[in-house]
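Here is a short tour for anyone meeting this structure for the first time. Have a look at the chain, and then we'll start with a pair of charged side chains.

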Amino acid sequence: MSRLDEIMTFVEVVNAGSITKAAERMGIVKSAVSRRLNDLEDRLKARLLVRSTAGLSVTEAGRAFHERARRIIAELDEAELTVTDASADLSGTIHMSAPVSLTNLVLMPHICAFLRLHPGLTLDLSLSDRFVDIVNEGFDIAIRAGTLSDSRLVARKLTDMRRVTCASPDYLASRGTPLTPQDLDHHDGLVSTNAPESTYWHYTAPDGETYLARPNTRMKANNGEAVITAAVAGLGIAAVPAFISTELIAQGALIPVLSDCRLAAGSLYAIYPPGRHLSHRVRVLIDCLVERFAIRQPT
């Protein structure tokens with residue numbers, strides 16, 4: 001068995017999270033995967049994985065080796081592309097992480113269009129509203145909304161994300177409608193914790209004056225749909241991305257407030273680990289998303 005086969009098997013096991021899943025993805029038996037892992041650890045004289053009844057965990061040495069190994073594999077893929085027809089059908093798997101609500105409400109049409117264009121590709125899509133460490137968790141690409149804070153990652157902007165301040169008719173009838181950002185200090189706020197700009201509400205008035213609103217936090221959540229559901233239920237005022245509130249506003253379930261004030265917003269990014277080479281299939285996916293968002297911006 002070649003060193004490269006051992007390394008590629010190890011990377012696939014870490015990415016899959018188990019020997020069984022890795023064997024299924026690779027189309028070989030579990031015993032062959034285990035044998036390659038044992039041979040790799042024997043050759044390196046290091047423990048890379050810990051197997052137990054609770055599952056599989058990666059050692060510190062294993063995490064470091066995995067990061068270097070997956071970059072090497074990506075560079076090998078890129079090297080092959082330099083001597084093959086660039087117009088050939090794409091194949092392989094893209095491991096992608098993205099937020100739950102944004103994917104369901106905005107991304108999926110773009111992702112489906114991309115996969116229809118490239119039937120040879122497989123997308124392993126993991127939806128989570130937590131902050132995913134794409135380097136150590138083996139993702140090729142992640143979609144993030146907000147302001148980027150990790151300078152280790154490479155980012156490509158897809159679009160701006162407009163935010164809207166809104167509340168239910170019942171809440172406004174009982175508590176009054178805020179006319180200025182300062183009025184929010186006397187209202188209940190429903191706060192999203194997904195991005196830094198979601199936890200504070202920074203407004204710019206028509207005359208250019210800025211104000212950092214601090215409503216009383218009635219509820220906070222790391223999922224935009226939970227926040228908007230609480231707003232519809234009349235629990236407070238929310239400042240949320242437009243894509244998650246537009247339909248409810250059109251239905252009359254929510255009413256926008258402070259529309260003449262600009263609410264600080266973030267952007268939508270495709271991010272990926274640093275490195276000189278980015279796999280061709282991931283680059284094509286990012287290019288597709290950039291093009292589609294340029295044509296149809298989130299509302």
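Let's begin with Arg43 and Glu6, which form a salt bridge with their closest N and O atoms 3.0 Å apart. Arg43 sits in helix α3 (residues 30-44) and Glu6 in helix α1 (residues 3-16), so this pair ties together parts that are 37 residues apart in sequence. Keep in mind that you're looking at a predicted model. The two partners don't share the same kind of surroundings: Arg43 counts as partly exposed at 33% relative accessibility, while Glu6 is buried, with a relative accessible area of 5%.

What lets such side chains get together? Side chains of opposite charge can pair when their charged atoms come close.

How many salt bridges does the structure hold? The count is eight. Here are some of them, with the distance between the closest N and O atoms.

| Pair | Closest N and O atoms |
|---|---|
| Arg43 and Glu6 | 3.0 Å |
| Arg25 and Asp124 | 2.7 Å |
| Arg156 and Asp287 | 2.5 Å |

Take the Arg25 and Asp124 pair, with its 2.7 Å distance. Arg25 belongs to helix α2 (residues 19-26) and Asp124 to strand β4 (residues 121-127), so the bridge ties together parts that are 99 residues apart in sequence. Arg25 is partly exposed, with a relative accessible area of 40%, and Asp124 is partly exposed too, at 26% relative accessibility. There's a further partner to add here: Glu12, Arg25 and Asp124 are linked in a network of salt bridges.

Then there's Arg156 with Asp287, at 2.5 Å. This one joins strand β6 (residues 154-161), home of Arg156, to helix α10, home of Asp287, so parts that are 131 residues apart in sequence are tied together. Arg156 is partly exposed at 34%, and Asp287 is partly exposed at 33%.

While we're at α10 (residues 280-295), another of its residues is Phe293. Is Phe293 buried or exposed? It's buried, with a relative accessible area of 0%. The C-alpha atom of Phe293 is separated by 9.5 Å from that of Leu107, although the two residues are 186 residues apart along the chain.

Back to α2, the helix that holds Arg25. Its buried residues are Ile19, Ala22 and Ala23. They cover an arc of only 100 degrees around the axis, which puts them on the same side of α2. What do they pack against? Their partners are α1, α3, β1 (49-52) and β2 (55-58). At the start of α2, a side-chain oxygen of Ser18 reaches to within 3.0 Å of the backbone nitrogen of Lys21. After the helix comes Gly27, with a positive phi near 75 degrees.

Finally, look at helix α8 (residues 224-232), where Gly224, Val227, Ile228, Ala230 and Ala231 are buried. Seen down the axis of α8, these residues fall within an arc of 155 degrees, so they line one face of the helix. That buried set packs against α5 (100-117), β7 (163-167), β8 (188-192), β11 (216-221), β12 (237-241) and α9 (242-251). Asn223 caps the N-terminal end of α8, with a side-chain oxygen 3.0 Å from the backbone nitrogen of Glu225. α8 is followed by Gly234, whose phi is positive, near 85 degrees.

Key
Residues numbered from 1 in each chain as written. Predicted model: local features only at pLDDT ≥ 70, side-chain atom pairs only at ≥ 80, totals over all residues. Heavy atoms only, no water. Buried < 20%, exposed > 50% of the residue type's maximum accessible area, 1.4 Å probe, protein only. Helix = DSSP H or I, 4+ residues; strand = E, 2+ residues; numbered from the N terminus. Arc of directions from axis to C-beta. Contact = heavy atoms within 4.5 Å. Polar contact = N/O pair within 3.5 Å; in protein donor to acceptor, adjacent residues only side chain to side chain. Salt bridge = Lys/Arg side-chain N within 4 Å of Asp/Glu carboxyl O.
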